[in-house]
Amino acid sequence: MEWGNFEISVVSDGAFWLDGGAMYGVVPRTLWSLATPPDAQNRIEVALNCLLVRTPAGNVLLDTGLGDKYDNKFAERFHVDRSRRLVEELGRLGLTPLDIDMVINTHLHFDHAGGNTRRDDQGKVIPVFPKARYVIQRGEWANANAPNARSRASYHPEDWLSLETNGQVHWVSGDQEVLAGVSVFLTPGHLRDHQSVRISSCQGDLVFLSDIIPTAHHLKLPWIMSYDLYPLETLETKQALIRRAVAEHWLLVFYHDPRVPMAYLTEQDGLLQVDPYVSS
Ligand SMILES: [Zn+2]
């Protein structure tokens with residue numbers, strides 16, 4: 001899809017399944033199970049909609065999915081679906097990993113940074129994108145490297161340690177433009193230093209929300225994941241984002257939504273309306 005002088009493509013890294021209760025926090029099962037029917041283990045499908053942004057200044061990838069470093073136990077627990085893979089999807093668009101100039105990790109949880117690295121034939125963990133700078137918030141880097149008992153399960157250090165060894169990490173602090181038309185901005189709540197990404201062109205702003213609003217269902221204000229470390233901050237951040245998305249006609253990307261990867265928001269008589277984006 002054309003977006004001003006950028007070209008945008010959703011590049012999926014497959015899907016996995018997470019506990020429905022954890023995905024929707026305080027929302028009762030009787031409500032969320034109507035929106036997203038769970039499997040026999042109470043899990044719901046969770047997409048991995050990474051985004052490729054081709055710009056005149058280089059190719060940028062937003063988040064990298066789960067990757068391939070997990071074992072059988074992990075694959076079973078999360079019912080990992082590898083029918084689509086990030087690197088193959090890039091191949092279909094005529095790109096190899098060497099063509100990626102920048103990776104932006106919204107944060108370092110394994111379902112967003114897993115595809116940063118892979119094992120080579122000797123089993124050594126190496127970066128998947130050898131020429132890319134990996135843009136990571138300094139605060140998130142610090143927290144991921146010193147997790148607590150609650151946050152530890154979401155982090156796999158092998159997803160980022162070899163990036164530092166190879167000198168490929170580009171640490172940032174707060175809001176900034178990282179490439180012409182591509183900016184990161186803090187969206188706290190899921191984590192203290194979670195960042196979203198804005199792609200600005202003459203056509204307007206496209207915003208990659210990531211885990212601050214992971215699916216279109218999470219536009220409903222109380223629908224906040226149990227994984228969030230600061231749920232009341234998520235609430236505030238969401239309200240501000242939704243207001244701006246309506247006022248400034250943002251095209252939103254929902255990283256974890258299997259049915260609505262992109263949508264516009266409008267307001268009619270005080271009610272929020274989701275208009276899924278259909279590419280022509
Ligand atoms: Zn996530």
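This is a short talk on the pockets, the zinc site, the cores and a few single residues of one structure.

Hi everyone, and thanks for coming. Please keep in mind from the start that this is a predicted model.

Let's begin with the zinc ion. Which residues coordinate it? The donors come from Asp-111, His-112, Asp-211 and His-256, with Asp-211 giving two OD contacts and each histidine using its NE2 atom. The distances run from 2.1 to 2.8 Å. If you follow the chain with your finger, the donors have the spacing D-H-x98-D-x44-H. Two of them link distant parts of the chain: His-112 belongs to helix 5, while Asp-211 sits in the loop between strand 13 (204–208) and helix 8 (231–247), and 99 residues separate the pair.

Are these two buried or exposed? His-112 has 0% relative accessibility, so it counts as buried. Asp-211 is buried as well, because its relative accessible area is 3%, and the cut-off for buried is under 20%.

Asp-211 turns up again when we look for enclosed spaces. How many cavities of 30 Å³ or more does a search of the whole structure find? The search finds one. The volume of the largest cavity is about 30 Å³. Asp-211 is one of the residues lining this cavity, and others include Ile-212, Pro-214, His-218, Trp-223 and Lys-238. Sorted by class, the cavity lining has five nonpolar, three charged and two polar residues.

Now for the pockets. The largest pocket has a volume of about 430 Å³. Its lining has 22 residues, and the ones closest to the centre are His-109, Phe-110, Ala-153, Ser-154 and Tyr-227. Which elements supply at least two lining residues each? They are strand 2 (6–19), helix 3 (72–77) and helix 5 (110–113). Helix 5 should sound familiar, as it is the home of His-112 from the zinc site. In this lining, eleven residues are nonpolar, seven are polar and four are charged.

The second largest pocket has a volume of about 230 Å³. There are 13 residues in its lining, with Ile-8, Ser-9, Val-10, Met-262 and Ser-279 nearest the centre. Strand 2 and helix 4 (86–92) are the elements that each give two or more residues here. Strand 2 has the largest share, at four residues. So far as classes go, nine residues of this lining are nonpolar, two are polar and two are charged.

Let's move to the nonpolar cores. How many residues does the largest core have? The number is 63, and Ile-104 and Phe-129 have the most contacts inside this core. Strand 3 (residues 43–55) provides the largest share, seven residues. If you click on Ile-104, you can look for its neighbours: leaving aside residues up to four places away in sequence, they include Val-60, Leu-61, Leu-62, Val-135, Val-178 and Val-197. Ile-104 also touches Asp-63 and Gln-195. Apart from the largest core lies another one, of 16 residues, among them Ala-216, Leu-241, Trp-250 and Leu-252.

Next, a few single residues. Ser-196 is part of strand 12 (residues 195–201). Its relative accessible area is 0%, which means that Ser-196 is buried. Among the residues it touches are Ser-183, Val-184, Phe-185 and Phe-208. Ser-183 is 13 residues from Ser-196 in sequence, and their C-alpha atoms are 8.5 Å apart.

For a contrast, try Ala-180, in the loop between strand 10 (176–179) and strand 11 (182–186). With a relative accessible area of 54%, Ala-180 is exposed, because the cut-off for exposed is over 50%. Its C-alpha atom is 30 Å from that of Glu-158, although 22 residues separate the two along the chain.

Finally, a word on backbone angles. Most residues other than glycine have a negative phi. Which sign does phi have at Asn-42? Asn-42 has a positive phi, about 70°, and is not a glycine. You can find Asn-42 in the loop between helix 2 (29–35) and strand 3. Asp-269 has a positive phi too, near 50°. Asp-269 lies in the loop between strand 15 (262–268) and strand 16 (271–276), and its 83% relative accessibility means that it counts as exposed.

That's my tour. Thanks for listening!

Notes. Residues are numbered from 1 along each chain as its sequence is written. This is a predicted model: local features need pLDDT of at least 70, side-chain atom pairs count only at pLDDT 80 or more; totals for chains, interfaces and linings use all residues. Side-chain values use heavy atoms; hydrogens and water are left out. On a 1 Å grid over the protein atoms alone, a cavity is a set of points where a 1.4 Å probe fits but cannot get out, and a pocket is an open set with protein on both sides within 12 Å along at least five of seven lines; lining residues have an atom within 4 Å of a point. Grid points are joined across faces, edges and corners, and a volume is the space filled by probe spheres set on the points. Ala, Val, Leu, Ile, Met, Phe, Trp, Tyr, Cys and Pro count as nonpolar, Asp, Glu, Lys and Arg as charged, and the others, Gly among them, as polar. Donors are N, O and S atoms within 2.8 Å of the metal (3.2 Å for Na, K and Ca); water is not among the atoms, so sites may look incomplete. Buried means under 20% relative accessible area, exposed over 50%, partly exposed in between (1.4 Å probe, protein chains only). A nonpolar core is a set of buried Ala, Val, Leu, Ile, Met, Phe, Trp, Tyr and Cys residues joined through side-chain atoms within 4.5 Å. Contact means heavy atoms within 4.5 Å.
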